Amino acid sequence: MFDLNGHVSIVTGGNGGLGLAFGRGLVKAGAKIAVWGRNTEKNSAAVEELRALGGDAEAFACDVTDEANIADAFAGTLEKFGQVDSCFANAGGGGFRGAAHKVGREQWLGTVDLNLMSVVQTWAPVTDHLLQRRAPGRLIVTSSVAALLGTGGAAGYSTTKAAVVGLTKA
């Protein structure tokens, strides 16, 4: 098992599903976790669970489509833990459903904002922080098999998940 004692990780969407599962693994390896999520009740429950596993965790209410929310959550994370060593950009969603050619620009942009720009905007302060510290770090993102295979009726989801694969490779 990895030894992550002293390591601090941000997990967006860390209050459930894959994000919480990732947080469990991190705390079991000794990392401290900043759970970022919109739902404060789910955030609290996730932190309680992570602490019950022996971890040091704190929740920060954050909508990762809002740059001001990201800045506030990042500042709170630094205030609580003093540093950040990795970021698991896991928050996202399915976006619009239906025929891609029938969906309006605003729905497309909403899905792009949720699944792609949220990653770019979340990674930005983490990257700046790591560069300022001259510290090694990790930027991780959740994509989907839909990025490679596509999903009928979910062009926005498939497209944005493919875009985060490209972002990660770049």
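# Briefing on the predicted model

Read from the N terminus, the elements of the protein follow the order β-α-β-α-β-α-β-α-β-α-α, which amounts to six helices and five strands. The radius of gyration is 16 Å, close to the 15 Å that the globule rule gives for 170 residues, so the protein is as compact as a globular protein of that length. This is a predicted model, and the points below take up its overall extent, one of its strands, its salt bridges and a patch on its surface.

**Overall extent and burial**

- Along the principal axes, the C-alpha trace of the protein spans about 50 × 35 × 30 Å.
- Of the 170 residues in the protein, 42% are buried.

**Strand S1 and its neighbours**

- Strand S1, which covers residues 8-12, is mostly covered, since five of its five residues are buried.
- From S1, Val 8, Ile 10 and Thr 12 point one way while Ser 9 and Val 11 point the other way, and the residues on both sides are all buried.
- S1 pairs with strand S2 (residues 32-37) in the parallel sense over five bridges, and within S2 the residue Ala 34 is the bridge partner of Ile 10.
- The chain passes from S1 through H1 to S2, and this β-α-β crossover is right-handed.
- S1 is also joined to strand S4 (residues 86-89) by four bridges, with the two strands running parallel, and here Thr 12 of S1 stands opposite Ala 89 in S4.

**Salt bridges**

- Side chains of opposite charge can pair when their charged atoms come close.
- The count for this model comes to five salt bridges, among them the one between Arg 24 and Glu 49, whose closest N and O atoms are 2.4 Å apart.
- Arg 24 lies in helix H1 (residues 17-28) and Glu 49 in helix H2 (residues 40-52), so this pair ties together parts that are 25 residues apart in sequence.
- Both partners are partly exposed, Arg 24 with a relative accessible area of 27% and Glu 49 with a relative accessible area of 30%.
- Glu 58 forms a salt bridge with Arg 51, in which the closest N and O atoms are 3.1 Å apart, and Glu 58 also forms a salt bridge with Lys 80, in which the closest N and O atoms are 4.0 Å apart.
- Glu 58 lies in strand S3 (residues 56-61) and Lys 80 in helix H3 (residues 67-81), so the pair of Glu 58 and Lys 80 ties together parts that are 22 residues apart in sequence.
- As to exposure, Glu 58 counts as partly exposed at 25% relative accessibility, Arg 51 counts as partly exposed at 44%, and Lys 80 is likewise partly exposed, with a relative accessible area of 40%.
- Taken together with Asp 56, the residues Arg 51, Glu 58 and Lys 80 are linked in a network of salt bridges.

**A nonpolar patch on the surface**

- Val 145, Leu 148 and Leu 149 make a nonpolar surface patch of about 380 Å².
- Val 145 has its place in the loop between strand S5 (138-141) and helix H5 (146-149).
- With a relative accessible area of 54%, Val 145 is exposed, because exposed here means over 50% relative accessible area.

Methods
Residues are numbered from 1 along each chain as its sequence is written. This is a predicted model: local features need pLDDT of at least 70, side-chain atom pairs count only at pLDDT 80 or more; totals for chains, interfaces and linings use all residues. Side-chain values use heavy atoms; hydrogens and water are left out. A salt bridge is a side-chain nitrogen of Lys or Arg within 4 Å of a carboxyl oxygen of Asp or Glu. Buried means under 20% relative accessible area, exposed over 50%, partly exposed in between (1.4 Å probe, protein chains only). Patches are made of residues with over 30% relative accessible area and no salt bridge: like charges are joined within 9 Å, nonpolar side chains (Val, Leu, Ile, Met, Phe, Trp, Tyr) within 5 Å. Accessible areas come from the Shrake-Rupley method with a 1.4 Å probe; for residues, only the protein chains shown count as cover. Two strands pair if DSSP finds at least two bridges between them. A crossover is right-handed if, with the strands pointing away from the viewer, the path from the first strand over the helix to the second runs clockwise. The radius of gyration is taken over C-alpha atoms; the globule rule is 2.2 Å times the number of residues to the power 0.38.
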